[in-house]
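Here's a quick tour of a small piece of structural modelling, written for someone who likes to poke at coordinates. Have a look at the chain below, then read on.

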Amino acid sequence: MPCKKATEKFERSKFEKLSFMEATTLKMHFAMCKKCKDYQLYSDQLDELMSSEFGDKEVDESKINVSLTEQEKETLIAKLKNQL
């Protein structure tokens, strides 16, 4: 499984239950890929920080832009690669 798919599945798993096969392949990928395992740890830490900062405040999801343009995605990926 490519790293991009692994991180997408990991983030999706926070909101919905993955199938047995998806969960198994994700665990196998994280066991073999240090960068994705690091991503998992950083993402969990970020979630914890956000939770401690904002607590149980209600979020108006209608005000959140959840889609990025292709250019925004490419820019974000490039910035993340420069951090590794």
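Let's start in the middle of this predicted model. The largest nonpolar core is made of seven residues: Ala 6, Phe 10, Leu 18, Leu 26, Phe 30, Cys 33 and Cys 36. Helices H1 and H2 each put at least two residues into this core.

Zooming out, the chain has four helices and zero strands, so-called α-α-α-α when you read along the sequence. Of the 84 residues in the chain, 15% are buried. Among contacts with a separation of 6 or more, 57% link residues 24 or more positions apart.

**Phe 10 and its partners**

Phe 10 belongs to the largest nonpolar core, and it also helps line the second largest pocket. Setting aside neighbours within four places in sequence, Phe 10 is in contact with Leu 26 and Phe 30, plus Tyr 39, Gln 40, Ser 43 and Asp 44. Leu 26 and Phe 30 are core members too.

**The second largest pocket**

This pocket has a volume of about 160 Å³. Its lining consists of Phe 10, Ser 13, Glu 16, Lys 17, Leu 18, Ala 23, Leu 26, Lys 27, Phe 30 and Gln 40. By character, that lining splits into five nonpolar, two polar and three charged residues. Which helices supply at least two residues each of the lining? They are H1, spanning 3-13, and H2, spanning 20-32. H2 gives the largest share, with four residues.

One of the lining residues is Lys 27, which sits in helix H2. Lys 27 counts as exposed because its relative accessibility is 63%, and the cut-off for exposed is over 50%. The C-alpha atom of Lys 27 is 9.2 Å from that of Ala 6, with the two residues 21 apart along the chain.

**The cysteine pair**

How many disulfides does the structure hold? The count is zero. Cys 3 is in no disulfide, and its nearest cysteine sulfur, in Cys 36, lies 3.5 Å away. Why is there no bond from Cys 36? The closest cysteine sulfur to that of Cys 36 is the one in Cys 3, and 3.5 Å is too far for a bond, because a disulfide needs the two sulfur atoms within 2.5 Å.

Here are the three residues with an accessibility value, side by side:

| Residue | Relative accessibility | Class |
|---|---|---|
| Cys 3 | 38% | partly exposed |
| Cys 36 | 3% | buried |
| Lys 27 | 63% | exposed |

So Cys 36 is classed as buried because its 3% falls under the 20% limit, whereas Cys 3 at 38% is partly exposed. Cys 36 is also listed in the largest nonpolar core.

Key
Residues numbered from 1 in each chain as written. Predicted model: local features only at pLDDT ≥ 70, side-chain atom pairs only at ≥ 80, totals over all residues. Heavy atoms only, no water. 1 Å grid on protein atoms, 1.4 Å probe; cavity = no way out; pocket = protein on both sides within 12 Å on 5 of 7 lines; lining within 4 Å. Points joined across faces, edges and corners; volume = space filled by probe spheres on them. Nonpolar A, V, L, I, M, F, W, Y, C, P; charged D, E, K, R; others polar. Core = buried A, V, L, I, M, F, W, Y, C linked by side-chain atoms within 4.5 Å. Buried < 20%, exposed > 50% of the residue type's maximum accessible area, 1.4 Å probe, protein only. Contact = heavy atoms within 4.5 Å.
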